[in-house]
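Let's take a walk through this structure together, one chain at a time. Have the viewer ready and follow along.

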Amino acid sequence: MLYREAGQFKASYEADQQIFPILQDRIGVLLLIGFFALAVPLFADQYWLKAILIPVLIFSLAAIGLNILTGYAGQLSLGSAAFMAVGAFGAYNFMLRIDGMPFLVAILLGGLCAALVGVMFGLPSLRIKGFYLAVATLAAQFFIVWALVKIEWFSNYSSSGVITAQEIEILGFAFDGPQSKYLLTLFVVVVMALLAKNMVRSTTGRSWMAVRDMDVAAEVIGIRLMRTKLTAFAVSSFYCGVAGALYAYTYIGTVEPEGFNLDLSFKILFMIIIGGVGSIMGSFLGAAFIVLLPIALDVFVPMLLGDLVSSSFVSNLQLIVFGGLIVFFLIVEPHGLARLWQIGKEKLRLWPFPH
Amino acid sequence: MAREIGDVILKMEGISLSFGGVKALTNISFDVREHEIRSIIGPNGAGKSSMLNVINGVYHPQEGQVTFRGEVRRDMEPHKAAKQGIARTFQNIALFKGMSVIDNIMTGRNLKMKCNVFHHALHWGKARAEEIEHRKKVEEVIDFLEIQNIRKTPVGRLPYGLQKRVELGRALAAEPSMMLLDEPMAGMNVEEKQDMCRFILDVNDQFGTTIVLIEHDMGVVMDISDRVVVLDYGKKIGDGEPDEVKNNPDVIAAYLGTSH
Amino acid sequence: MQFFFEVLIGGLLSGVLYALVALGFVLIYKASGVFNFAQGAMVFFAALTFVGFLEILPGWTGWEEGGRAVFWLAFVLSLAAMVVLAIATEKFVLRPLVNQPPITLFMATIGLTFLVEGIAQGIWGANVRGLNLGIADVPIEYMMDNFNILISSFDVFAAAVAAVLVAALALFFQYTRIGRALRAVADDHQAALSIGIPLRHIWVIVWAVAGFVALVAGMIWGARNGVQFALTFTALKALPVLILGGFTSVPGAIVGGLIIGASEKLAEVYVGPFVGGGIESWFPYILALGFLLFRPEGLFGEKHIDRV
């Protein structure tokens, strides 16, 4: 009943081109942000903040990054985790080597490093597409992790490349508890998600989608393939890089390059498949799903089956459930949870008279 | 008529194109004058689409040269052709299937938009004003083509005839000086054909857009064209005004299949 | 110089194994247009199933442990498991996704990878297991005596098996009815359907054949390095092999495998020490990437012309 756009007439193109054109959506987003910014820190306990909310936010950001490249620009990447690693190690080195480096600037610079590396590994996309490109991004995955381990300067000569994130301090305030870290993460992720939403609904985003849907036609109407693809690689890697920096600073604390392995890249890919390829909203849904699923399995499977099951059984079950869900979603709902959400909204719009 | 046929703006000379061992075009020359409707006809596999692809740089001919507005060149990059005002539609609709009608037509204006990715991310001031300004232009195209009611529909869901119309809209949105239309009426019923004819004539008449047209419906071609080129097996067998071409014995032979 | 040859030959022989995995990819890609990321998982699944049967069969049948009868029964049962996997894949993954874009099918096979790995470990456990095929892993004396080069008899055996397998597959494709149908399907799905070739059967057959290749690769590899999860990563090396060789070429898979195997070992030995070692993990990919920039269709692949 409440979700109606009747009576909301758009009198100008400006009104029609708002970021959320439907009033209820605008209110909904504001309420959602308000809820997560004000209510959640008051009521959520440490475990929820540290083990669920912060990682969900960080992975959402990485998933937005991959979604920009794969979902919007149509270039499949299997190396997202490596770009996260570049962001984490980049931010670490800026903090370490430059006195008085502000934290937010450091993570942005970390993201910028990732963007540069992303463009380098995106160059082959000008010649190759599809599976070939996917294999090329595997090169980035393996090479970057190797380089961060072997070139000891990156980790300030620690053994096997482990780094420990410095304390975060912004304007004299120390972000040391889970609450403040959560709020900081939330702030960065929300701002960047809104920026991403803006990008995908403007010429930049349309060019990406044009290249994704039909590159020959895109070129014929004057879209520069090289510039468009490389922009997608740069922006995508930037997002992954910032996510990686947050991963190190507000989530794990101590990270090693091997932590950003192929498995993590696959996880991010799964987030966008399940959440929704080509949807910012879907990136959040997918990240939440993929973070929560193993936790749910860990809790509920022993509860249901009792002591019959070992922990290795649960971890195998995780593989099976992940794999099965991917196949299931690709078959049943290739646009993922975001589409289900959208269908729900459309139903609601017509409810209670569906015809 | 409001329009007046002007000078030659596009000249193709001795164009030969082959794929591996297969010759698609052999030593073809013809020209296109400003503001005219120039048709390319011929049986299936005659090399008509290849010809268009050479004009706007999708294919690169092995021999010959292309002169567009005085600039002589051997081949072309497609986005440069777009920059010089050549727009194009495709035989097998090349719309961006995942996007709405508005977004598809908006992409047609990409060359006229100057903001970069940073402006877009902020969507403030300049980027916003630009977006709205171009949206207005796109709405003009939408009004012209009478597709207001489907403007927010994803193009993948539209029937074939409407998709063709949207593709014409995307080409029009670029405000081109020349449009290459590859079988814009293929697979349409009579009413749809009439609409499409009207749009093409209106574009030509109101905006003075030069049109190079590939079409199989001889009735339409002979009606609306100023001049016609006939290709067969990659070779030119006729060139001239519709009546002239109609009575050309080689053309009749090619269509009735009496020779070879 | 002897050392160089030893490294080279060692590399070529490990390349044979990459080639075997790549061969599975090529078969499936040719027949169904699917880039099967799960090929590595299939190698792991096959090897684990084989070892698992070797362990439990003596208990079930009372036959002598490590005997010939157990070996062959385990082989047949593992093969049957691969056929079941092929049927299940066709029914639950390929058939529902028919006519979807290739990239969707590719992502589905990534899902399949996780599924197959989870099932394999769920059934047989995740322990590392040794596998003894009864082939001696000792230097060949003849080569030692005459050329002073160290070559393992096991590696030569592996190469021979691979060669026989490739030859058998080539004959199978060229001269049997099913082989002809497979080639027809690879050429044009629609046309093949229209002349009455049952597409689904063909898919099951080709996935089963790929499963058989995976089983052989898994047995050889498992015997060399132990049957363990790491097999799936080694199998990823088949991807650069494919890029070098082209997705559709059987000889390409072989030559590509040899080039990757040899060059990664040589690079590790001669370049590795200068940059801290461990470059085997990425060298094949970078090599393939560099190659792609010059010849995107691979060594033996066909050049693709975009028609618009």
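What follows looks at chain C, from its overall build to its contact with chain A.

Keep in mind that this is a predicted model. Start with the secondary structure: chain C has 14 helices and 0 strands, so reading from the N terminus you meet one α element after another, α-α-α-α-α-α-α-α-α-α-α-α-α-α. The radius of gyration of chain C is 20 Å, close to the 19 Å from the globule rule for 308 residues, and therefore the chain is as compact as a globular protein of that length. Along the principal axes, its C-alpha atoms fill a box of roughly 60 × 60 × 35 Å.

How is the inside of chain C put together? Of its 308 residues, 44% are buried. Among the contacts in chain C with a separation of 6 or more, 74% join residues 24 or more positions apart.

Now turn to helix α1 of chain C, which runs over residues 2-32. With 31 residues, α1(C) reaches 45 Å from first C-alpha to last, close to the 45 Å expected at 1.5 Å a residue. This helix is mostly covered, with 22 of its 31 residues buried. Just after α1(C) comes G33(C), which takes a positive phi of about 65 degrees.

Finally, look at where chain C touches chain A. Chain C brings 39 residues to this contact and chain A brings 32 residues. On the chain C side, α4 (102-124), α11 (238-245) and α14 (283-294) each supply at least two residues. The most comes from α4(C), with 17 residues. Sorted by class, this side of chain C has 28 nonpolar, 9 polar and 2 charged residues.

How values were computed: Residues numbered from 1 in each chain as written. Chains lettered and ligands numbered in written order. Predicted model: local features only at pLDDT ≥ 70, side-chain atom pairs only at ≥ 80, totals over all residues. Helix = DSSP H or I, 4+ residues; strand = E, 2+ residues; numbered from the N terminus. Rg over C-alpha atoms; globule rule 2.2 N^0.38 Å. Buried ≥ 20, exposed ≤ 12 C-beta atoms within 10 Å, placed from the backbone. Contact = placed C-beta atoms within 7 Å. Expected span 1.5 Å × (residues − 1). Nonpolar A, V, L, I, M, F, W, Y, C, P; charged D, E, K, R; others polar.
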